[in-house]
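Welcome, and please open the model in your viewer. This is a guided tour, taken one selection at a time.

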Amino acid sequence: MLDILSTYDTTVLTTLRSFNTFISRPERSQLQSERSAESGNLQNQYKRQMELLEAAERVHTQHRYLQLDQEKKQMELSHKRARFELEKAVSESARDLGHEVDRNQELLGRIRKLEERETEAKKNLSEQLEENSSLCKKVEGLNKKLEERDTLLNAANQTITSLKDEIRDLRQNIQNQELTISTQTLENQELQEQLDLQRRKYQEVFQRCQSLQDAQSSCSEHIIKIKELETRLALQEQDIVIVKNVKSEVARLPDLEKDLKRLRDENAFLRESRENCSLLKEKVEGLRSKLERMEKTKEELVNMELEKEKLQAWENLGQSTGLNIRKPEDLSREVIQIQQREITLKEQNYALGSRVRSLERSQSTLLAEMTQQSSKIMEEQNKREAQESLVRRLQRRVLLLTKERNGMRAILESYDSELAPSEYSPQLANRLKEAEEVLQRTQNHNMDMEVLTFSLFQVELELETAKKEQVSAADSCSSATKEEVNILRQKIEDLEKERQRLEEQNNNLEMRLERHNLQGDYDPVKTRVVHLKMNPTAAAKQQRQQDVEVLREEVTRLRELVRSLQDGGAVGLSQDLRKQMESSKLTNQRLKEVFQKKIQEFRTVCYVLTGYQIDITIENQYRLTSVYAEHMEDSLLFRKGSNGNMQLMETEFSKTLGEMVALHLHHQKSIPAFLSAVTLDLFSRQTTI
Amino acid sequence: MTSTLKGITLKGSTELVADFFSFGINSILYQRGIYPPETFSRVTHYDMSLQVTTDSKLKNYLTNVVSQLKEWLYECTVQKLVLVITCLETNEVLERWQFDIECDKSAKESSAPREKSIKTIQDEIRSVIRQITATVTFLPLLETPCAFDLLVYTDKDLVVPEKWEESGPQIIDQSEEVRLRSFTTSIHKVLSLNLKHSSLYEQFVVLHLTCCLSARCVALVLCVLLSFIFAGFHLSLH
């Protein structure tokens, strides 16, 4: 292929070269001959060029032809080669196929042999498996036997071991028990020793107990004595307190006496003034009553004046009204007359009113009649008009007929006039007859038409009247029918709405019923709800009510207590407290009485024994009056100082005892000696005197 | 406890239903705290542990009611058993536990045992009692002292025994219902229902929970618990 291409190229190149040389020759020749003859060579040049072009084209085509030939040859060669190769390939493949087929057959034979061997092998396998299974079973049987024997052996071994363990345990138990026995004997001995100790201790303790009991009895006796002494102490302390209180109260006595005197004087004074007061009050009351009476008389006066004025007015009335009035009776009479007049006038009024109404009614009826009559008149007018129109029509018809008749007559006359010369009478008579028939027909037709029109006109009139009636008087009928239709339609609509509403209600009620059933509602016709009478709710409610009642009672009781406590303290106390209060009051009273008695006794005893009556005038000031005093006012005043010493105060009586004061108090510093000296002195004076 | 009979007779069915009521009422009383928990003791029944009261008065009352109920169940004249919880202070009905009983009256005439194993019935009863215990979690606590009563809805033509009397239906107005599972012995069918007084907050929660129980989804229950807590916060804030 490449050689061919190279030859192709070389031929191309050679041809091109030849072509170029061919072209260049004429150019040279042209150049050579150019100088010689330029003008006459143009055409030759042109021809040569043309020839050259043609030659070029030929060359080109030849070139092309050569190319195509070469291509064709090449294609043929390639085709041949391809065919050759393909044949080779085919032969090779056929050979391969044969080889393959042989191989296939060989393999198939092998497969068959192998399959036979497989089946044999399977049979062998199955036989062997059976043998195996049988052997296995035998083995299993043997194994089981072996196991059983093993288990038996194991069981035997276990029993042996357990028995051995038991033997060991028993031996240990024996040892333990022996140990315990020994320990227990030891313990027993110890316990016995302890017992002896305890017995000895018990005896000691018993002795101590006895001694303690003796001591306790003595202690209790001492305690009793102590309590007695304590009670005595307490009583004495109470006595002291009472004495102090009584002394303080006694000190207040002179003040009280002074107040008493003052109050008595005031009393007397007030009594005197009271009498004066009463007198003055009586006077005041008398004056007041007079005042009231005067005021009343004044009011009466005023009233009387008013009445007088009224009466004057009444008197003037008579003059002002112009009637003969002197007394109120006249006035009443006049009033009655006026009232009677009024009544009569009212009656007349009512009568007139009723007459007016009746007249109005009659007027209305007359109006109605009038309208009816007018309507009737209208109808009759219409009828008359119809009749008149009819009359006119009839007159017109009559005119028409007369005209026709005249015409016909004229025609006939003309025909008669014409008939005389000619003898066309039968034809003319026929024509006449035909014409008359036609005439009659037309006349009949006319009559019918007129009748129709008349009837139509009548119908129209009737329609109009009917319409008028409908509009004027019987308007309500058509409207009634229309109204009826409307009413019925409305009724239908209302009924439909009601139906829908009822359907909705029904649905709602059914839903509600289902809901209620779900919630536990029931139909009393079919079901009944029961429960036990003694059920926990009832029991709980009862219990609750009881609790509530109990609580209420307690509340009322407590409220009463509180109220009574708030009202009066000592009175509202509870019974216990009251009793305590009363008992304490009683004890107080008794104590007071007892103390008073005792004090009195003591004072009298003191007075008797010492000869002096000791009074407490003011705090820390004591006044002593002697039994043998010459005057009631003779008394000695002693004051207790802040340091506790008693000091004699200056009194009139003590001024007379200056010597004794100097001797006993200043010199000897002993108040009892002074006091006894004073008593002796007074006693001596008394006895001598 | 297993019986050797293969099927369910009318008598057997009444025994099962009466047992269920006895244990169910006991567990409701324990769960709702009507009686103090120390008066209850634990027993095993239906392969689960249940609480039964030891108070003699209450036991007596329950046995009376249940024995009468057995008679009525045998005659198929009872329609409903209702446990009503009332507040003692306001005398207001707070809760109703309603058990609708549907009886197959043809079982009376045929008297042939029906094919239903006791095990499945016991399983169903167990699931109902478990559901009752679960519903108590979203019911409000009964703070005021309460008492309970057992009402029986029977046919109108029934003769009222001497210790029983007629009563009102003790309905709650404005209530919410939670429908629980039902079980059937193939002769008696028992449907359980709980009604309680509603409030705005509880309506919100109950809507969630009724959806949950019907869907039987644990995850949903957890979500609802979360919403419960959230609503609790919301309320506390207010």
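What follows is a walk through a predicted model, with a selection to make at each stop.

**Stop 1: where the chains meet**

Colour chain A and chain B differently and look at the contact between them. How many residues does each chain bring to the contact? Chain B gives 41 residues and chain A gives 24. Between them the two chains bury about 3000 Å², and 54% of that area is on carbon and sulfur atoms. Now select B:Leu88, B:Lys156 and B:Glu165. These residues supply 20% of the area that chain B buries against chain A, more than any other three residues.

**Stop 2: a sheet built from both chains**

Switch to a cartoon view and follow the open sheet of 7 strands, ordered S6(B)-S1(A)-S5(B)-S3(B)-S4(B)-S8(B)-S7(B). Its pairing is antiparallel, and a strand of chain A, S1(A), stands in the order between S6(B) and S5(B). Which strands form the edges? They are strand S6 (164-166) and strand S7 (175-184) of chain B, each of which pairs on one side only. From one strand to the next, the twist averages 25°.

Next, select strand S3 (residues 78-87) and strand S5 (residues 146-155) of chain B. They pair in the antiparallel sense over 9 bridges. For one of the bridges, show B:Leu83 in sticks together with its partner in S5(B), B:Leu150.

Add helix H2 (residues 56-75) of chain B, which packs on the sheet. This helix touches strand S1 (527-532) of chain A, and in chain B it touches S3, S4, S5, S6 and strand S8 (188-197). The direction of H2 makes about 15° with that of S5(B).

While you are here, select B:Lys80 and B:Tyr153. The charged end of B:Lys80 sits over the ring of B:Tyr153, 5.6 Å from the ring centre.

**Stop 3: aromatic rings in chain B**

Over all chains, a search of the whole structure finds 11 aromatic pairs. Start with B:Phe20 and B:Phe99, whose ring centres are 5.9 Å apart. How are these two rings set against each other? Their planes stand at 85°, so the pair is edge-to-face. B:Phe20 belongs to helix H1 (residues 10-32) of chain B and B:Phe99 to strand S4 (residues 93-103) of chain B, so the pair ties together parts that are 79 residues apart in sequence.

Are these residues buried or exposed? B:Phe20 has 1% relative accessibility and counts as buried; B:Phe99, at 2%, counts as buried too.

Now add B:Phe21, whose ring centre is 5.5 Å from that of B:Phe99. With their planes at 75°, this pair is edge-to-face as well. B:Phe21 lies in helix H1 of chain B, so its pairing with B:Phe99 in strand S4 ties together parts that are 78 residues apart in sequence. Both B:Phe21 and B:Phe99 are buried. Finish by adding B:Phe183: ring pairs link B:Phe20, B:Phe21, B:Phe99 and B:Phe183 into a cluster.

**Stop 4: a hairpin in chain B**

Select strand S1 (residues 40-45) of chain B and strand S2 (residues 48-53) of chain B. These strands run antiparallel and are joined by 6 bridges. In one place to look, B:Phe40 stands opposite B:Thr53 in S2(B). The strands form a hairpin with 2 residues between them, and B:Tyr46 in the turn has a positive phi of about 55°. Strand S2 of chain B is mostly covered, with 5 of its 6 residues buried.

**Stop 5: a sheet in chain A**

Move to chain A, where 4 strands form an open sheet in the order S2-S3-S4-S5, with antiparallel pairing. The edges are strand S2 (612-618) and strand S5 (646-649), each pairing on one side only. Neighbouring strands here are turned by 30° against each other on average, direction ignored.

Strand S3 (residues 621-626) and strand S4 (residues 636-640) of chain A are joined by 4 bridges, and A:Leu624 stands opposite A:Leu636 in S4(A). Helix H7 (residues 575-610) of chain A packs on this sheet, touching S2 and S3. The direction of H7 makes about 125° with that of S2(A).

**Last stop: one threonine**

Select A:Thr679, found in helix H10 (residues 671-688) of chain A. A:Thr679 is buried, with a relative accessible area of 14%. Which residues does A:Thr679 contact, leaving aside its neighbours within four places in sequence? They are A:Thr610, A:Tyr612, A:Ser626 and A:Tyr628.

Technical notes:
Residues are numbered from 1 along each chain as its sequence is written. Chains are lettered from A and ligands numbered from 1 in the order in which they are written. This is a predicted model: local features need pLDDT of at least 70, side-chain atom pairs count only at pLDDT 80 or more; totals for chains, interfaces and linings use all residues. Side-chain values use heavy atoms; hydrogens and water are left out. Rings of Phe, Tyr and Trp (its six-membered ring) pair if their centres lie within 6.5 Å; planes under 30 degrees apart count as stacked, over 60 as edge-to-face and the rest as tilted. Buried means under 20% relative accessible area, exposed over 50%, partly exposed in between (1.4 Å probe, protein chains only). A charge sits over a ring if NZ of Lys or CZ of Arg is within 6 Å of the ring centre and within 35 degrees of the ring normal. Two strands pair if DSSP finds at least two bridges between them. Axes are lines fitted to C-alpha atoms, for helices over the stretch in contact, and angles run from 0 to 180 degrees between N-to-C directions. Contact means heavy atoms within 4.5 Å. Buried area is the accessible area (1.4 Å probe) that two parts lose on being put together, summed over both.
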